[in-house]
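Here are a few exercises to work through with the model open beside you. Try each one yourself before reading the solution.

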Amino acid sequence: MTAEFPRDGEANDQPPATQTLGEALAAHGDAEAVVDIDEPTQQLVLFRLNDQPFALPGSAVSEILSSDQPVYYVPGLPASTEGVLHLRGKIESVISLHQLLGLPAPEGNQKGMILLVSAAGITSGVRIEQLDDVSEVTQSMLQAPPETLSGTLRPYVSALWQIDEQEALALLDPEALFDAYQQGLG
């Protein structure tokens, strides 16, 4: 690949000299500005609970189910278990993370989508209110959760992603969430 530039002292209407791209970059001092880095990324499923942004690792989410997926109430289940669903011959529980994360329960009969999540040796549906996106995020953009994070959230948040100056997203640890659920904490 070659780039054409006028020689020193030549007018722009004169035929330009031919330089290679490397020569042109060297002449302009940009040779060191080109950096090729293959930074590791992580896929995140971004969603909202009580209008607060959260995410789960894409590796833990096997499926995103529509809000019209029927969920059947089963008496005697914990309050955090909405019910069960029948999915391709398997019965899976559907849980709400609100109580576990210290969030108020959604008002009314809001039915959002269901994320099918596998962690801590179980697979369960997790009810979300809004699916925002599925994104690839570089590992360097994920920060350790601060000490000021609320005590109810701290055990379940593995990282924070500062989306912009106004909003940070909490990356939830599905292993910790499901361990706590199995212990009856949520």
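**Exercise 1. How much accessible surface does the chain have, and what share of it belongs to carbon and sulfur atoms?**

Solution. The accessible surface comes to about 11,200 Å², and 50% of that belongs to carbon and sulfur atoms. Areas here follow the Shrake-Rupley method with a 1.4 Å probe, and for residues only the protein chains shown count as cover. Before going on, note that this is a predicted model: local features need pLDDT of at least 70, side-chain atom pairs count only at pLDDT 80 or more, and totals for chains, interfaces and linings use all residues. Residues are numbered from 1 along each chain as its sequence is written, and side-chain values use heavy atoms, with hydrogens and water left out.

**Exercise 2. Work out which stretch calls for caution.**

Step 1: check the overall confidence. pLDDT (the predictor's confidence in each residue, from 0 to 100) averages 84 over the chain, and 80% of the residues score at least 70.

Step 2: find the weak spot. Over residues 10-16 the pLDDT is below 50, and beyond near neighbours in sequence this stretch has five contacts in the model. A contact means heavy atoms within 4.5 Å. Where pLDDT is low, don't read the predicted coordinates in detail.

**Exercise 3. Lay out the six-stranded sheet.**

Step 1: take stock. The chain has two helices and 13 strands; these are DSSP runs numbered from the N terminus, helices being H or I with at least four residues and strands E with at least two.

Step 2: put the strands in order. The open sheet runs β10-β3-β4-β13-β12-β11, with mixed pairing. Its edge strands are β10 (130-138) and β11 (142-143), each of which pairs on one side only. Two strands pair if DSSP finds at least two bridges between them.

Step 3: zoom in on one pair. β3 (residues 41-49) and β10 run antiparallel, joined by eight bridges. One place to look is T41, whose bridge partner in β10 is T138.

**Exercise 4. Which parts of the chain does the R48–E167 salt bridge tie together?**

Step 1: find the pair. A salt bridge puts a side-chain nitrogen of Lys or Arg within 4 Å of a carboxyl oxygen of Asp or Glu, and the structure holds four of them. In R48–E167, the closest N and O atoms are 3.2 Å apart.

Step 2: place the ends. R48 sits in strand β3 and E167 in the loop between β12 (157-162) and β13 (168-172), so the pair ties together parts that are 119 residues apart in sequence.

Step 3: check the cover. Buried means under 20% relative accessible area, exposed over 50%, and partly exposed in between (1.4 Å probe, protein chains only). R48 counts as buried at 15%, while E167 is partly exposed at 24%.

Step 4: look for a third member. D132 joins R48 and E167 in a network of salt bridges.

**Exercise 5. Are R88 and R127 buried or exposed?**

Step 1: take R88. Its salt bridge with E63 has an N to O distance of 2.4 Å. R88 lies in the loop between β6 (81-87) and β7 (90-95) and E63 in strand β5 (residues 61-65), so parts 25 residues apart in sequence are tied together. R88 is exposed at 62%; E63 is partly exposed at 23%.

Step 2: take R127. Its side chain meets that of E82 in a salt bridge at 2.6 Å, N to O. This pair links strand β9 (residues 122-127), which holds R127, to E82 in strand β6, 45 residues apart. R127 counts as buried at 7%, and E82 as partly exposed at 22%.
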